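Here is a protein chain to explore, one piece at a time. Have the sequence and the 3D view ready, and look up each residue as it comes along.

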Amino acid sequence: QVQLVESGGGLVQAGGSLRLSCAASGRTFSSYAMGWFRQAPGKEREFVAAISWSGGSTYYADSGKGRFILSRGSAKNTVYLQMNSLKPEDTAVYYCAAGPLLVTTAMYDYWGQGTQVTVSS
């Protein structure tokens with residue numbers, strides 16, 4: 001079993017930045033890709049970004065390209081989503097996910113509880 005714990009969410013003004021973290025633990029965590037998704041009230045959960053186990057490959061949704069940077073710590077079990085130039089439409093609950101395949105769909109095996117990001121105008 002793999003456990004994922006997100007942190008770093010909060011309230012920020014438009015144009016500001018936040019850094020989300022996701023720490024993975026569990027005896028079976030091995031060579032997993034990790035991704036971030038978000039869900040705004042009344043909307044479907046959507047892909048934000050994903051990174052390979054090695055950190056060598058990253059994918060971003062168009063909404064975050066040029067503003068979001070996803071990286072992986074040297075220990076591989078923590079990923080960081082740096083979000084810059086935040087907009088009110090970025091307001092959502094952000095979820096971390098992990099799985100054996102690097103995909104941009106919600107086909108991940110494990111999910112965190114989510115962290116709220118609110119961007120005020």
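## An arginine inside

Let's begin with Arg-38, which sits in strand E4. Keep in mind that this is a predicted model. Is Arg-38 buried or exposed? Its relative accessible area is 6%, and buried means under 20%, so Arg-38 counts as buried.

What does the side chain of Arg-38 make polar contacts with? One partner is the side chain of Glu-46, at 2.6 Å. Another polar contact, of 3.5 Å, joins Arg-38 to the side chain of Ser-63. Leaving aside residues up to four places away in sequence, Arg-38 also touches a whole crowd, including Glu-44, Arg-45, Val-48, Phe-68, Asp-90 and Tyr-94.

## Rings that meet

Now for the aromatic rings. A pair of them is described by two things: how far apart the centres are and the angle between the planes. In this model the count comes to five aromatic pairs. Take Phe-37 and Phe-47: their ring centres are 5.7 Å apart and their planes stand at 70 degrees, so this pair is edge-to-face. Phe-37 belongs to strand E4 and Phe-47 to strand E5, so the pair ties together parts that are 10 residues apart in sequence. Both Phe-37 and Phe-47 are buried.

Phe-37 has another ring partner, Trp-111, with centres 5.0 Å apart and planes at 55 degrees, so that pair is tilted. This one links distant parts of the chain, since Phe-37 is in strand E4 and Trp-111 is in strand E10, 74 residues apart. How accessible are the two partners? Phe-37 has 2% relative accessibility and counts as buried, while Trp-111, at 27%, counts as partly exposed. Put the ring pairs together and you get a cluster of Phe-37, Phe-47, Tyr-108 and Trp-111.

Arg-45 joins in as well. It lies over the face of Trp-111, at 4.9 Å from the ring centre, and over the face of Tyr-95, at 3.8 Å from the ring centre.

## The nonpolar cores

In soluble globular proteins, nonpolar side chains tend to be buried together. Here, the largest nonpolar core has 27 residues. Which of them touch the most other members? They are Leu-4, Met-34, Trp-36, Val-79, Leu-81, Met-83 and Tyr-94. Strands E3, E4, E5, E7, E8, E9 and E11 each give two or more residues to this core. Apart from it lies another core, of eight residues, and among them are Ala-33, Ala-97, Val-103 and Tyr-108.

## A strand with two faces

In a regular strand, the side chains alternate between the two faces of the sheet. You can follow this along strand E1, residues 3-7. Leu-4 and Glu-6 point to one face and are buried, whereas Gln-3, Val-5 and Ser-7 point to the other and are not.

What does E1 pair with? Its partner is E3, in the antiparallel sense, over five bridges. In that pairing, Ser-7 stands opposite Ser-21 in E3.

## Two unusual loop residues

Finally, look at two residues that have a positive phi although neither is a glycine. Lys-76, in the loop between E7 and E8, has a phi of about 70 degrees. Ser-85, in the loop between E8 and E9, has a phi of about 50 degrees. Lys-76 is partly exposed, with a relative accessible area of 24%, and Ser-85 is partly exposed too, at 41%.

Notes. Residues numbered from 1 in each chain as written. Predicted model: local features only at pLDDT ≥ 70, side-chain atom pairs only at ≥ 80, totals over all residues. Heavy atoms only, no water. Core = buried A, V, L, I, M, F, W, Y, C linked by side-chain atoms within 4.5 Å. Buried < 20%, exposed > 50% of the residue type's maximum accessible area, 1.4 Å probe, protein only. Helix = DSSP H or I, 4+ residues; strand = E, 2+ residues; numbered from the N terminus. Pairing = 2+ DSSP bridges. Phe/Tyr/Trp six-rings, centres within 6.5 Å; stacked < 30°, edge-to-face > 60°. Lys NZ or Arg CZ within 6 Å of the ring centre and 35° of its normal. Polar contact = N/O pair within 3.5 Å; in protein donor to acceptor, adjacent residues only side chain to side chain. Contact = heavy atoms within 4.5 Å.
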